[in-house]
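Thanks for coming. I will take a few minutes to go through one structure. Please have a look at it first.

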2 protein chains.
Amino acid sequence: MTQVITKQAQTTNATFTALKCKECGAEYELEAKHVCELCFGPLEVKYDFSRLSVTRESIQAGPNSIWRYRQFLPVATDNYIDVGTGMTPLVKSQRLARRLGLKNLYIKNDAVNMPTLSFKDRVVSVALSRARELGFTTVSCASTGNLANSTAAIAAYAGLDCCVFIPADLEAGKILGSLVYSPTLMAVEGNYDQVNRLCSEVANTHGWGFVNINLRPYYSEGSKTLGYEVAEQLGWELPDHIVAPLASGSLFTKIYKGFNEFVAAGLVEGKPVRFSGAQAEGCSPIVEAFKEKRDFIKPVKPNTIAKSLAIGNPADGIYAIDIANKTNGNIESVTDAEIIEGIKLLAETEGIFTETAGGTTVAVLKKLVEAGKIDPDEKTVVYITGNGLKTQEAIQGYISEPFTIEAKLDSFEQALERSRTLDRLEWQQVIV
Amino acid sequence: MTQVITKQAQTTNATFTALKCKECGAEYELEAKHVCELCFGPLEVKYDFSRLSVTRESIQAGPNSIWRYRQFLPVATDNYIDVGTGMTPLVKSQRLARRLGLKNLYIKNDAVNMPTLSFKDRVVSVALSRARELGFTTVSCASTGNLANSTAAIAAYAGLDCCVFIPADLEAGKILGSLVYSPTLMAVEGNYDQVNRLCSEVANTHGWGFVNINLRPYYSEGSKTLGYEVAEQLGWELPDHIVAPLASGSLFTKIYKGFNEFVAAGLVEGKPVRFSGAQAEGCSPIVEAFKEKRDFIKPVKPNTIAKSLAIGNPADGIYAIDIANKTNGNIESVTDAEIIEGIKLLAETEGIFTETAGGTTVAVLKKLVEAGKIDPDEKTVVYITGNGLKTQEAIQGYISEPFTIEAKLDSFEQALERSRTLDRLEWQQVIV
């Protein structure tokens, strides 16, 4: 039997007022609940932004983290968990922009987000802050890796018990990157969608706060900060075009929501922003629906190196398509080989080492530019969402080898000569 | 024949005026040069701080990176390379502090430094900015791993050619974490000290800027920012005690220099700060000299998992000992097993995943507390200098395993029961 969790929230000095069904509009109390009882639609947080009291200056005077936007987030008190998450660099690209022929390219670099080097630290910081307000002592998640890293780390910091679920075949760095924080780690023999279904059952039988299940309405709001920060870092202005990865589709829709809330709050001027999304060919149910102009997603069995994007049945896929359509954006996919090239391209030109998800996004950016679907003058922001040290096996064997030498000058000189010959050969290939 | 590099610097709006021998005081022009021609002592940058025009407010209004301290650094123009390096979190410890019985513990977390997740990004940002001013087009380094990652990444960003040298037996993550940026990577069959000697020869025959050889006087100044930032982040106050890792000893001496410069500039009040240093038992020449009250270092052959600290012949070891002695600090070593425990302790209590160097520092902190050498009330700062994702093999096999389960509720429930039994057993062991 479904056991509804009814721990009450203390909502003081907060702008959020209820949970509301995205489909039928039914409203619920601010509990740990994510599905509408009437129509089974997803619940969202509802705000009363007439209670907002923010200016550009008050935000800039706030913490150097996502918590400078606290009034836009579903956390009731100032007793939030701040581990320095957010305010990652927005880099004006020089060398990647030149390589692609773009004049106004920016890179939002969450590969150095704190504490666990992916954008998931944003949603987990919000979800665990809210979990604590709702009285949970054990937190959990269904994860493709990054989310487990982040939940385990921030739970450790906050002293919460933690049990995380992942597909058993994840990259070593992502498994170790959770285990080191000593959570209970359940490695499930199956893909993410199976992990997710199992977790839904567990959420109904144990009184745990699952950040991306029963706490999902609060959790997903954390991604809005990737919209707020870009707007603030561009000098309180929206970009012309954004390119972001699509896993469940949630991140994409929340960047959109973030921009719109900043316009509504009078913090930036409204203007059209094009939204383009990136998937791996081996898991591209959203791309397929977009190209076939369908209004439903056909679930797929994922088979790609971009494991953090490998969600075959993406919950917010339809909403992502809707946004791409109404903003005149695109949704495109790339092969695993192109993903690896994307990782290398970003590293070589900008000194940023991203994981497979970021490689996917860079490769889709390149593909859209080459297809004339991004104008060279557009102020374009590409979202890099995780760090390459977590998915090392993806590029092992596809990058150059070291020159192994003896600790002697002549051994070095010979190797240097070999490396220069290789460079010349590469150039000749390029010229031919 | 030694080929002296004489590219001239353009020193406009700068406070640094010469290179000066740390031993005999001889002065040299601001070139790429690191050894005194008269006494073979190390050269340092000399400043005229009467030219300083900074206040707490002007610093706070500067960039959110090490470049807010530009007037204290040996870079002449505002055309420096800013990749967001520095201003990493200073975390007030709750759970680690309680575990150790400390009341005022802070963690300076360079495990999330940008772009390559170690404190080396600080010194490389300074060195490559200066290299560009001196006209170098190829940059290089001798590295135990982190420095190679950082040099390769920031050179890629700045469009400089790059050739890096490492010992061939480094951790996979550190090798891949350089290769991805496409430098020429020389893997030398030998230890760091042999790599370093080879690089000194290469620096004399090729016109390259070696960040930690001919550019060392500029490079090493970047570490002062770890002193400045802690002082600023403590609310313009110095701590009572710092604990930092010792490889060459340079970092330690530069934190000291940073504190003193801030006192001299009137930015913080002067007070005694105790300096304690950490080495791995498998490479502890500085500890040995400290304990035997020697004024010279006996080089050792390193044998430890803390490869980033494995410098058997540390250039600044003597200066580090001098500082520990005159500040009433300590220099201590820990075993490889204690290093692994240190990594786990920090992860479990603070959600920070550090590499072996950080594990060493945390383990030495613990050892000093247990020996009564750190007072519980002292405002103590422990420096975490690199990220655990780069040295995954060090802890593989020493952390718990995932529970592998089927995607079924009863398989999960059984695993959960097993995990709880394990927890009870662990508790019983603790109690016994």
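Before the helices, one definition: an angle of 65 to 115 degrees between two axes counts as roughly perpendicular. Keep in mind that this is a predicted model.

Now to chain A. Helix H12, residues 336-350, packs against helix H13, residues 356-370, at an angle of about 90 degrees. That angle falls in the range I just gave, so H12(A) and H13(A) are roughly perpendicular to each other. Their axes are 7 Å apart. Which residues make the contact? From H12(A) they are Glu338(A), Ile339(A), Gly342(A), Ile343(A), Leu345(A) and Leu346(A). From H13(A) they are Thr356(A), Gly359(A), Thr360(A), Val362(A), Ala363(A) and Lys366(A). By type, that contact has 6 nonpolar, 4 polar and 2 charged residues.

Next, the two chains. A turn of 180 degrees, with a shift of 0.0 Å along the axis, lays chain B on chain A with an RMSD of 0.0 Å. The two copies are therefore related as by a two-fold rotation axis. The same surface serves both copies, and 100% of the contact residues of chain B recur in chain A.

One residue that touches the other chain is Pro89(A), which has Met114(B) among its contacts. Within its own chain, Pro89(A) touches Ile107(A), Lys108(A), Asn109(A), Val112(A) and Gln233(A). Pro89(A) sits in the loop between helix H1 (56-60) and strand E4 (90-92) of chain A. Is this proline buried or exposed? Pro89(A) is buried, because its relative accessible area is 18% and the cut-off for buried is under 20%. For a sense of distance, Glu44(A) is 45 residues from Pro89(A) along the chain, and their C-alpha atoms are 29 Å apart.

Over to chain B and Gln233(B), in helix H8, residues 225-233. Gln233(B) is partly exposed, with a relative accessible area of 28%. Leaving out residues up to four places away in sequence, Gln233(B) touches Met87(B), Thr88(B), Pro89(B), Leu90(B) and Lys108(B). Lys108(B) is 125 residues away from Gln233(B) in sequence, yet the C-alpha to C-alpha distance is 9.7 Å. The side chain of Gln233(B) also reaches the backbone oxygen of Thr88(B), at 2.9 Å.

Last, Arg70(B), in the loop between helix H1 (56-60) and strand E4 (90-92) of chain B. Arg70(B) is buried, at a relative accessible area of 8%. What lies 3.3 Å from a polar atom of the Arg70(B) side chain? That is the backbone oxygen of Val75(B).

Conventions: Residues numbered from 1 in each chain as written. Chains lettered and ligands numbered in written order. Predicted model: local features only at pLDDT ≥ 70, side-chain atom pairs only at ≥ 80, totals over all residues. Heavy atoms only, no water. Least-squares fit on C-alpha atoms with pLDDT ≥ 70 in both. Contact = heavy atoms within 4.5 Å. Helix = DSSP H or I, 4+ residues; strand = E, 2+ residues; numbered from the N terminus. Buried < 20%, exposed > 50% of the residue type's maximum accessible area, 1.4 Å probe, protein only. Polar contact = N/O pair within 3.5 Å; in protein donor to acceptor, adjacent residues only side chain to side chain. Axes fitted to C-alpha atoms, helices over the stretch in contact; angles between N-to-C directions. Parallel < 35°, antiparallel > 145°, perpendicular 65-115°, else oblique. Nonpolar A, V, L, I, M, F, W, Y, C, P; charged D, E, K, R; others polar.
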